[in-house]
Amino acid sequence: MDEQRILGGLNPEQRRAVEAVRGPVCILAGAGSGKTTTITHRIANQVATGAFVPEQILAVTFTDKAAGAMRARLAALGVERVRAVTFHSAALAQLSFFGKTSNLKILSSKVLPLRAIGNSLPMPYKFTAAADLATEVEWAKNQRLTPETYLDGLGPHEPPIPPDLMQRVFRDYERRKEDRGSVDFEDLLAGAVDLFERDADALG
């Protein structure tokens, strides 16, 4: 790989991050400021300097589109075989590898079940957008809250409907999902976290 291709055109702060081939690096920057450039060039430099082989590197991002863009940028830098995927895809792969995905059915969208649940709410809350309810459920699950711990875990956070009604929606959503034997994308992340916290083999 060409060092000029990896390091050329970077500003001093980007170059500083790219040249730190080992250890944690936190990059705080706004949209369009070159975070993906910095990350992909750092990965390329890690491979070029021999700090890691490509198969040892996992790059994760939020969307399939962003993961594809990351893979394309790495290829343009001459780096192949690095896994660049979404967080959820990475979690699913880990769960699958350790045999935790038997008969797993992934719910593609929360909106449909939450729309049905929302329609059972009293006026005027039955007109709450299902997308807003889905966002709240995702927030709660990303905080690792359950329907039972939801109210105590709210803190200053304000749900889109009164907390007791939102707890009811959350509980009904989880119950319907469980009855169908389904999991959502947040369950994949929680499952992977739980795997690493409880299974010593997964950490090995």
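User: Is Arg-81 buried or exposed?
Analyst: Arg-81 is exposed, as its relative accessible area is 56%. Over 50% counts as exposed. Keep in mind that this is a predicted model.

User: Where does Arg-81 sit?
Analyst: Arg-81 sits in the loop between H4 and strand E2 (83–86).

User: And what is its phi?
Analyst: Phi of Arg-81 is near 75 degrees. That is a positive value in a residue other than glycine.

User: Why point that out?
Analyst: Because most residues other than glycine have a negative phi.

User: Which other residue has a phi like that, near 60 degrees?
Analyst: Arg-144 does, and its phi is positive too. Arg-144 lies in the loop between H7 and H8.

User: What about Gly-50, where is it and what is its phi?
Analyst: Gly-50 comes just after H3. Its phi is positive, about 80 degrees.

User: OK, peptide bonds. Which two residues does the cis one with omega of about -5 degrees join?
Analyst: Met-123 and Pro-124. Pro-124 is in the loop between H6 and H7. In general, most peptide bonds are trans.

User: Back to H3. How many residues does it have, and what should it span?
Analyst: Helix H3 covers residues 35–48, which is 14 residues. At 1.5 Å a residue, it should span 20 Å. Its end C-alpha atoms are 20 Å apart, so the two values agree.

User: Which residues of H3 are buried?
Analyst: Quite a list: Thr-38, Thr-40, His-41, Arg-42, Ile-43, Ala-44, Asn-45, Gln-46 and Val-47.

User: What do those pack against?
Analyst: Three helices and a strand. The helices are H1 (3–7), H2 (12–19) and H4 (64–76). The strand is E1 (58–61).

User: Switching to helix pairs. What describes two packed helices?
Analyst: The angle between their axes and the distance between the axes.

User: So what are those for H7 and H10?
Analyst: Helix H7 (residues 130–142) and helix H10 (residues 185–198) pack at about 0 degrees. Their axes are 10 Å apart. H7 is therefore roughly parallel to H10, since angles under 35 degrees count that way.

User: Which residues make the contact?
Analyst: H7 gives Glu-138, Lys-141 and Asn-142. H10 gives Glu-186, Asp-187 and Leu-189. Four of the contact residues are charged, one is polar and one is nonpolar.

User: At what angle do H6 and H9 cross?
Analyst: Helix H6 (residues 111–118) and helix H9 (residues 163–179) cross at roughly 130 degrees. Their axes come within 10 Å. That is why H6 and H9 are oblique to each other. The crossing is right-handed.

User: Which residues touch there?
Analyst: On H6, Pro-113, Leu-114, Ala-116 and Ile-117. On H9, Val-169, Asp-172, Tyr-173 and Arg-176. Six of the contact residues are nonpolar, two are charged and none is polar.

User: Is Phe-170 buried or exposed?
Analyst: Phe-170 counts as buried, because its relative accessibility is 2%. Under 20% is the cut-off. Phe-170 is found in helix H9.

User: What does Phe-170 contact beyond its neighbours within four places in sequence?
Analyst: Val-137, Ala-140, Lys-141, Leu-145, Thr-146, Pro-147 and Tyr-150. Phe-170 and Leu-133 are 37 residues apart along the chain, and their C-alpha atoms are separated by 8.6 Å.

User: Where is Pro-147, then?
Analyst: Pro-147 is in the loop between H7 and helix H8 (150–153). At 9% relative accessibility, Pro-147 counts as buried. Outside its neighbours within four places in sequence, Pro-147 contacts Gln-167, Phe-170, Arg-171 and Glu-174.

How values were computed:
Residues are numbered from 1 along each chain as its sequence is written. This is a predicted model: local features need pLDDT of at least 70, side-chain atom pairs count only at pLDDT 80 or more; totals for chains, interfaces and linings use all residues. Side-chain values use heavy atoms; hydrogens and water are left out. Axes are lines fitted to C-alpha atoms, for helices over the stretch in contact, and angles run from 0 to 180 degrees between N-to-C directions. Helices (H or I, at least four residues) and strands (E, at least two) are DSSP runs, numbered from the N terminus. Angles under 35 degrees count as roughly parallel, over 145 as roughly antiparallel, 65 to 115 as roughly perpendicular and the rest as oblique. Contact means heavy atoms within 4.5 Å. Ala, Val, Leu, Ile, Met, Phe, Trp, Tyr, Cys and Pro count as nonpolar, Asp, Glu, Lys and Arg as charged, and the others, Gly among them, as polar. A crossing is left-handed if the near helix is turned anticlockwise from the far one by less than a right angle, and right-handed if clockwise. The expected span of a helix is 1.5 Å times one less than its number of residues. Buried means under 20% relative accessible area, exposed over 50%, partly exposed in between (1.4 Å probe, protein chains only).
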